[in-house]
Amino acid sequence: MVAAAFSTLMTMETEEAQIASGLRRRDPEVLDALIEQYQHRLLRYLVHLTGERATAEDLFQETWIRVLEKGHQYDGKSRFATWLMTIAHNVAIDHLRKRRPASLDEMRDTEDAAPFEPVAESPSPFDNVSAMEDGARIQAALEQIAPIFREVLVLRFQEQMKLEEIAKLINVPLATVKTRLYRGVTALRPALRGHG
Amino acid sequence: MNSNEHGRAMDLLTRREVEGIAETDVRWLETHLATCEDCASFELALSGAEKAMRSFTVMASASLVESTQARVHARAQQLAEQQARTVLIGVSFCLGVITSTLTAWMWWKFGGWVAQSLGLPSGIVEPGVLLFWLLPAVVIAVLMVVIPPTAFEGSLAQRYMRDRLRGMQ
C-alpha cells in the first residue's frame, strides 16, 4: 500500500520533472503534448472565469504562449496543473483589468470583511440540481455568480484542488478561499432554484 | 449551538471531499448535521453545487488546439531566433574586446611612431590611438544596430548559432 503510494508519488515527481525539463528547453513536442493533455480542463476553467467562450479561447492561446515564455520558471516541484492554472488566472486577470477595471479584484475588500457564517435561510429544493443535466442551464446559473466565486467553485469542484492550492493559485489567504467557496455555493443555490 | 461549531462544521464539509477528514471529525460532523439545520442545508447546497459543476462539460475544439499549437511553434521559433541573435551579439562583443586588447600595444607603438615622424602633439595622437584601438568594437556595435534582425535570417552565422543552441539543449 505504502509502496504503491510511494511509487505513484515518484512517478508524479518524475513526470513533473520531465515537464519542467521540456519547458526549459522549449521543446515543441512537450508543449504539444501538454496542450493536448490539458486542453479541456484549461478551456473549462477559462470559460467559467470569463463567462464567454470566444474570450476564453483567446485566453487559452495566450496562456500557452505565456507557458512557453515563462516555462523556465516552472521548477517541477509543484503540480503542473496548478502552475498552468496560475498562469491562466494571471492572463485572465490582465485581460479583465484591461476590459473592465471593476472586475475580479475590486470585490476583494468587501468580501473579505464579511463574516464566515451560515445564512439563516430555509432549506431549498437544491436536490433538484442533481437531476439537472442541461449544460446550458448550469452555465446560465454560473454566469449569474461573480467571477471570483465562480473561479473558486471551478477549481474546487472540477479541478479537485485543495483549498491551500487554490489560495496559492489565486494569491489570497486561505480564509478568503473558504469564504468565496461558501458564498459561491450560497449564490449558486437561488440561481439554480430559479431555473428548476 | 455556537458560531465556532458552525465554523468547524463548514470547514469540515468543505474539506471532506478533496482533502479528507479524520474519523473522529466524521463522527462529530454527522452528529452536528443531525441537529443543525443551517449546516445540513449547506451540506445539501455543497453537494448540489458539486454535482452541477461536474455535470457541466466544456470541450476544446480540434481547430483551437491546432491553432494554439501552431502559434506556440511560431513563437518558439521567434524566441529561438532572438536567443541566437543575442548570442551572436555577445560573441561579436567578446571578439571585439579580445581584438582591441591584443592590438593595444601595437596601436600604442604605431601612434608613438606617427607622432615622432610627423612631429604631432600628444593631444592629437592619443585620442587618435584610442579611436583606432576601439575601432573593431565600434564597427561591430554600429553594424549590430544598423543591420535589421531580418538580415540575419537564414545567414550562415545565424544557422550556426541556432544549431549550437539546439545542440546545447
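Two residues are in contact if their C-beta atoms, placed from the backbone, lie within 7 Å. Keep that in mind as you open this predicted model, and begin the tour where the two chains meet.

**Stop 1: where the chains touch**

Select chains A and B together and look at the region between them, where 41 residues of chain B are in contact with 47 residues of chain A. On the chain B side, helix H1 (3-16), helix H3 (37-55) and helix H4 (62-118) each supply at least two of the touching residues. Which of the helices gives the largest share of that side? Colour H3(B), and you will have found it, for H3(B) contributes 16 residues. If you then colour the touching side of chain B by residue type, it divides into 19 nonpolar, twelve polar and ten charged residues.

**Stop 2: chain B by itself**

Hide chain A for a moment and follow chain B from its N terminus, along which the elements run α-α-α-α-α-α, with six helices and zero strands. Of its 169 residues, 14% count as buried. Among the contacts in chain B with a separation of 6 or more, 68% are between residues 24 or more positions apart.

**Stop 3: chain A as a whole**

Now bring chain A back, which has ten helices and zero strands. Of the 196 residues of chain A, 38% count as buried, and residues 24 or more positions apart account for 72% of its contacts with a separation of 6 or more.

**Stop 4: the start of chain A**

Select Ser21(A), which lies in helix H1 (residues 2-25) of chain A. Because 15 C-beta neighbours lie inside 10 Å, Ser21(A) counts as partly exposed. Add Gly71(A) to the selection: these two residues are 50 residues apart in sequence, yet their C-alpha atoms are 9.0 Å apart in space.

Move on to Arg26(A), in the loop between H1 and H2 of chain A. Its phi is near 55°, a positive value in a residue other than glycine. Is Arg26(A) buried or exposed? With 20 other C-beta atoms within 10 Å, Arg26(A) is buried.

**Stop 5: a bent helix**

Next select helix H2 (residues 28-50) of chain A, whose 23 residues would reach 33 Å in a straight helix at 1.5 Å a residue, although its end C-alpha atoms are only 28 Å apart. Centre the view on Tyr38(A), and you will be looking at the centre of a kink of about 60° in H2(A). Following H2(A) comes Gly51(A), whose phi is positive, near 80°.

**Stop 6: an enclosed helix**

Select helix H8 (residues 147-158) of chain A, for which the twelve residues should span 16 Å at 1.5 Å a residue; the end C-alpha atoms are 15 Å apart, which agrees. Why can H8(A) be called largely enclosed by the rest of the structure? The reason is that eleven of its twelve residues are buried, including Pro147(A), Phe149(A), Arg150(A), Glu151(A) and Phe157(A). Just after H8(A), Gln160(A) takes a positive phi of about 55°.

**Stop 7: the last loop on the tour**

Finish with Asn171(A), which sits in the loop between helix H9 (163-170) and helix H10 (174-195) of chain A. Phi of Asn171(A) is near 60°, a positive value in a residue other than glycine, and with 12 other C-beta atoms within 10 Å, Asn171(A) is exposed.

Note on methods: Residues numbered from 1 in each chain as written. Chains lettered and ligands numbered in written order. Predicted model: local features only at pLDDT ≥ 70, side-chain atom pairs only at ≥ 80, totals over all residues. Helix = DSSP H or I, 4+ residues; strand = E, 2+ residues; numbered from the N terminus. Expected span 1.5 Å × (residues − 1). Bend = angle between axes of the 7 residues up to and from the residue. Nonpolar A, V, L, I, M, F, W, Y, C, P; charged D, E, K, R; others polar.
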